[in-house]
Amino acid sequence: MDRVGQQNGYSSRDLRSSNLFISLQKLIPKHLISRIIGKIAASENRLVKTVFISVFKRIYNVSLDNAKRKTDKEYHSFNDFFSRHIELPTNRDSTDKNIIYSPAEGSISEIGKIQDGQLLQAKGQTYSLNDLTKVDSKAFLNGSFITIYLSPSNYHRVHLPVSAQLQKTISIPGSLYSVNNKTAQSIKDLFCKNERLVCQFSTPQGPVLVILVGALIVASIETSWEGPLSPYKDQQTNNYDLDILSCEEIGRFLLGSTVICCFPPNHFILNEHLKIGTELEACSPIGSIS
């Protein structure tokens, strides 16, 4: 194993494989491939959806024990299966306005402070909140952020972490690189390059951002309100005046991706025990509002 491999915990073979995967991503028509697979995944042909669901469950060891629909035949398409509803944690209390909830099921890929308008993407790499969101980041200076990676086996609906009022969304076209850890460590400004939807909310304690980031094979980003359809052809801002309770569903992915939440300083406190690699359930408590 070489020095870089030792530092990152990868063998030389792992590094070569990772580098090849990243190089291929730069060459392949990512949007075209994602849309073709998206069309197939949306098919309601019985054979197509049965094969897709069966193979996917076997590869990713997916259980339907916590799903509201327990059998494969109850799903109309692979997309219907992939974005399935699950039974959310019973200990959540959407009437408690002092709790911050996880917006998604997944693992924490980064968490920390927003310093000088920068967020940490991976070890040694940062990116600009302004570039990511196209909004003024002054209110978030010295605030906190959490980045949650949704693997293909996770639940893919996104929920609001705190009760808030939706003010606007900014749909931003972009590429569709994979957002797994190896890619995040290798491609500078990864999240600023990918297609994304920035959702800006207001609370009595200040603004909150929830950013849904598209990725390779993600057929679309969908929201619970009427808005722009993914894939986005150009940057578009939509204004709203919509009150939403914490833990209410706000959107979904049609394959694995990433959710980034940004909070202003002082009032929003993320739990100290949270760290990179921590596995989260959707709507499980991750912090508090002072």
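These legends describe close-up views of a predicted model.

**View A. Salt bridge between Asp72 and Lys57.** The structure holds four salt bridges, and one of them joins Asp72 to Lys57, with the closest N and O atoms 2.9 Å apart. Asp72 sits in the loop between helix H4 (46-60) and helix H5 (78-82), while Lys57 belongs to helix H4; the two residues are 15 apart and the pair links distant parts of the chain. Asp72 is partly exposed, with a relative accessible area of 28%. Lys57 is also partly exposed, at 23% relative accessibility.

**View B. Salt bridge between Arg157 and Glu249.** The side chains of Arg157 and Glu249 meet with an N to O distance of 2.8 Å. Arg157 is in strand E6 (residues 157-159) and Glu249 in strand E12 (residues 249-253), so this pair links distant parts of the chain, 92 residues apart. Arg157 counts as buried, because its relative accessibility of 8% falls under 20%. Glu249, at 25% relative accessibility, counts as partly exposed.

**View C. Salt bridge between Glu222 and Arg252.** The closest N and O atoms of Glu222 and Arg252 are 2.6 Å apart. Glu222 lies in strand E10 (residues 221-223) and Arg252 in strand E12; the pair links distant parts of the chain, 30 residues apart. Glu222 has a relative accessible area of 29% and is partly exposed. Arg252 is partly exposed as well, with a relative accessible area of 21%.

**View D. Surroundings of Ala122 in strand E3.** Ala122 is part of strand E3 (residues 118-122). With a relative accessible area of 4%, Ala122 is buried. Leaving aside residues up to four places away in sequence, Ala122 touches Glu110, Ala184 and Gln185. Thr183 is 61 residues from Ala122 in sequence, and the C-alpha atoms of these two residues are 9.6 Å apart in space.

**View E. Cis peptide bond between Ser230 and Pro231.** Most peptide bonds are trans. The bond from Ser230 to Pro231 is cis, and its omega is near 5°. Pro231 is found in the loop between E10 and strand E11 (236-244).

**View F. Positive phi at Asn61 and at Cys283.** Most residues other than glycine have a negative phi. Asn61 is not a glycine, yet it has a positive phi of about 55°. Asn61 lies in the loop between H4 and H5, and with a relative accessible area of 71% Asn61 is exposed. Cys283 also has a positive phi, near 65°, in a residue other than glycine. The place of Cys283 is the loop between strand E15 (279-280) and strand E16 (285-289). Cys283 is buried, with a relative accessible area of 0%.

**View G. Nonpolar surface patch with Ile59.** Leu47, Val51, Val55, Ile59 and Tyr60 make a nonpolar surface patch of about 460 Å². Ile59 is a residue of helix H4. Ile59 counts as exposed because its relative accessibility of 59% is over 50%.

**View H. Edge-to-face pair of Phe52 and Phe78.** A search of the whole structure finds 11 aromatic pairs. Among them, Phe52 and Phe78 form an edge-to-face pair, with 5.6 Å centre to centre and 70° between the planes. Phe52 lies in helix H4 and Phe78 in helix H5, so the pair ties together parts that are 26 residues apart in sequence. Phe52 is partly exposed, at 28% relative accessibility, whereas Phe78 is buried, at 5%.

**View I. Aromatic cluster and Arg84.** Phe52, Phe56, Tyr60, Tyr75, Phe78, Phe81 and Phe82 form one aromatic cluster. Tyr60 is also one of the residues of the nonpolar surface patch in View G. Phe81, a member of the cluster, has Arg84 lying over its face, at 4.7 Å from the ring centre.

Notes: Residues are numbered from 1 along each chain as its sequence is written. This is a predicted model: local features need pLDDT of at least 70, side-chain atom pairs count only at pLDDT 80 or more; totals for chains, interfaces and linings use all residues. Side-chain values use heavy atoms; hydrogens and water are left out. Helices (H or I, at least four residues) and strands (E, at least two) are DSSP runs, numbered from the N terminus. Buried means under 20% relative accessible area, exposed over 50%, partly exposed in between (1.4 Å probe, protein chains only). Contact means heavy atoms within 4.5 Å. Patches are made of residues with over 30% relative accessible area and no salt bridge: like charges are joined within 9 Å, nonpolar side chains (Val, Leu, Ile, Met, Phe, Trp, Tyr) within 5 Å. Accessible areas come from the Shrake-Rupley method with a 1.4 Å probe; for residues, only the protein chains shown count as cover. Rings of Phe, Tyr and Trp (its six-membered ring) pair if their centres lie within 6.5 Å; planes under 30 degrees apart count as stacked, over 60 as edge-to-face and the rest as tilted. A charge sits over a ring if NZ of Lys or CZ of Arg is within 6 Å of the ring centre and within 35 degrees of the ring normal.
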